[in-house]
Amino acid sequence: MCALTSIAPVQSKKAASREAWYEIDLGAIRHNYRQLRRHLPRTVKIFACLKRNAYGCGAGPVARTLATEGADGFAVATLPDAMAIREMGIDLPVLLYPGPLPTSAKTIEALGLTVTVSSLDELESWRAAMSVTRIFVKADLGFFRAGATPQEIGRLLAAAHVCSDVEVQGLYAHLSELPTSVTSDASEQFSRLQRILQDAEASGTRPPIIMMSSTAGVLRHPAMDLDAVDPGALFIGLPETDRPMRAVTLRPALKAISTCLVSVKRIDASLGPIPDIPGFRSGMTIGVLGMGWGDGLPRHVPAQAEALVRGQRARLLPPAHLEHLRIDLTDVPDARFGDQVLLLGQQAHQTISHEEVAAQWGTDLIGLYAQLRDHIPRVYV
Ligand SMILES: *Cc1c(COP(=O)(O)O)cnc(C)c1O
């Protein structure tokens, strides 16, 4: 059976009966939230961004942890993520980033969610579908993504302001992350927002909550705290900047990617010629992991990638398959059917780090979290 010894105290019965799981450290999420809260003025609200199922860590349990810590609201990009939060019995504000459409208006109203509006057309579409429309107006300050342009936003705020069926809860923006050759000028974007706010104040249409800082912004630009911030990556332990102005020590939320040996065999001559693929050789012992590229592992596993079995490093043997991946167990003679295999995490004195896995998967740390699949169970510690 799966050798659960390294994490045995935290295994739920449900997870112990599974073959593969992610181990998520809610203590790390709590720690990261407290790090942020400690640096923010009391008056600044935290709308935790839990998009992509809280970066693969599970929107429901992560939201419950953060709500208990005192988070003021949440922001997500899909209805299933919003539902996962409501299913936890959390009735804090939940902002929907652009994504859901007015065709889902019934569900959105029933769950009491707030939608994003970037244009007059969007405003009218939502109003036509709902009896009361709760909105955050979105401004584009130079990201060239969703959001009204600085030139258009005054008209949008004015139009929303006079609708008795529209509750304008806030206005938000997101600093540009475009990989342009000129380093994107955050202060220029901030001044665009300040001009928008001056005009809104002058016309009496300033929404109650103004929000623009995600993780990089909140760590680098304390002046941009405004009424609320909406970081996401920070809670799973990623600072998203190498030049923080606020000194936070973050802990990774993902502690382990765990799978099992679903088959082990010593190969022999009756199998025919040895495949002329790097890593294959006669007399070797091959293990099969119960996880493949359909479970979030990369389509192309590099030849040097390793995993942990019985506290030892062992080489993965590409190519990966939809549901399976081979591993070279020749140097782990004790390995047996059912043994736990860690693709990330610590076993005995060996550790496979997030950085190592991200490199194996051809991505960065946030990309690693984005690869986590919702059908793989999560075990919370
Ligand atoms: C993704 C996103 C965030 C959170 O970004 P992080 O870098 O994960 O903190 C905040 N606001 C908006 C609009 C986003 O799309």
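The buried residues of helix α5 pack against α3, α4 (59-69), β3 (73-76), β4 (94-96) and α6 (105-110). This packing is taken from a predicted model. Helix α5 spans residues 79-86, and six of its eight residues are buried, so the helix is largely enclosed by the rest of the structure. The buried set consists of L79, D81, A82, A84, I85 and R86.

One of these residues, D81, also appears among the contacts of K51. K51 lies in helix α3, which runs from residue 51 to residue 55. Helix α3 is one of the elements against which the buried residues of α5 pack. Apart from residues up to four places away in sequence, K51 touches A75, V76, A77, D81 and Y97. K51 is partly exposed, with a relative accessible area of 28%. That value lies between the 20% limit for buried and the 50% limit for exposed, which is why K51 is classed as partly exposed. An unreviewed UniProt entry places the feature "modified residue: N6-(pyridoxal phosphate)lysine" at K51.

K51 also belongs to the surroundings of the ligand. There are 14 residues around the ligand, and K51, Y55, T215, G232 and A233 come nearest. Polar atoms of the ligand were then examined individually. A ligand nitrogen is 2.9 Å from an N or O atom in the side chain of D230. Ligand oxygen is placed 2.8 Å from a polar backbone atom of G232. A distance of 2.8 Å likewise separates an oxygen atom of the ligand from a polar backbone atom of A233. The contact at D230 thus involves the side chain, while those at G232 and A233 involve the backbone.

Attention next turned to the C-terminal part of the chain. According to an unreviewed UniProt entry, the annotation "domain: Alanine racemase C-terminal" covers residues 253-381. This span is 11% helix and 36% strand. Its end C-alpha atoms lie 10 Å apart.

D295 sits in the loop between β11 (285-289) and β12 (306-309). D295 is buried yet has no salt bridge. The nearest side chain of opposite charge belongs to R373, 6.7 Å away. A salt bridge requires a side-chain nitrogen of Lys or Arg within 4 Å of a carboxyl oxygen of Asp or Glu. R373 is nevertheless among the residues that D295 touches. The other contacts of D295 are Y22, G290, L322, E323, H375 and I376, not counting residues up to four places away in sequence.

Definitions and conventions
Residues numbered from 1 in each chain as written. Predicted model: local features only at pLDDT ≥ 70, side-chain atom pairs only at ≥ 80, totals over all residues. Heavy atoms only, no water. UniProt positions renumbered as here; feature names shortened; annotations may be inferred. Helix = DSSP H or I, 4+ residues; strand = E, 2+ residues; numbered from the N terminus. Buried < 20%, exposed > 50% of the residue type's maximum accessible area, 1.4 Å probe, protein only. Contact = heavy atoms within 4.5 Å. Lys, Arg positive; Asp, Glu negative; His and termini not counted. Near = heavy atom within 4 Å. Polar contact = N/O pair within 3.5 Å; in protein donor to acceptor, adjacent residues only side chain to side chain.
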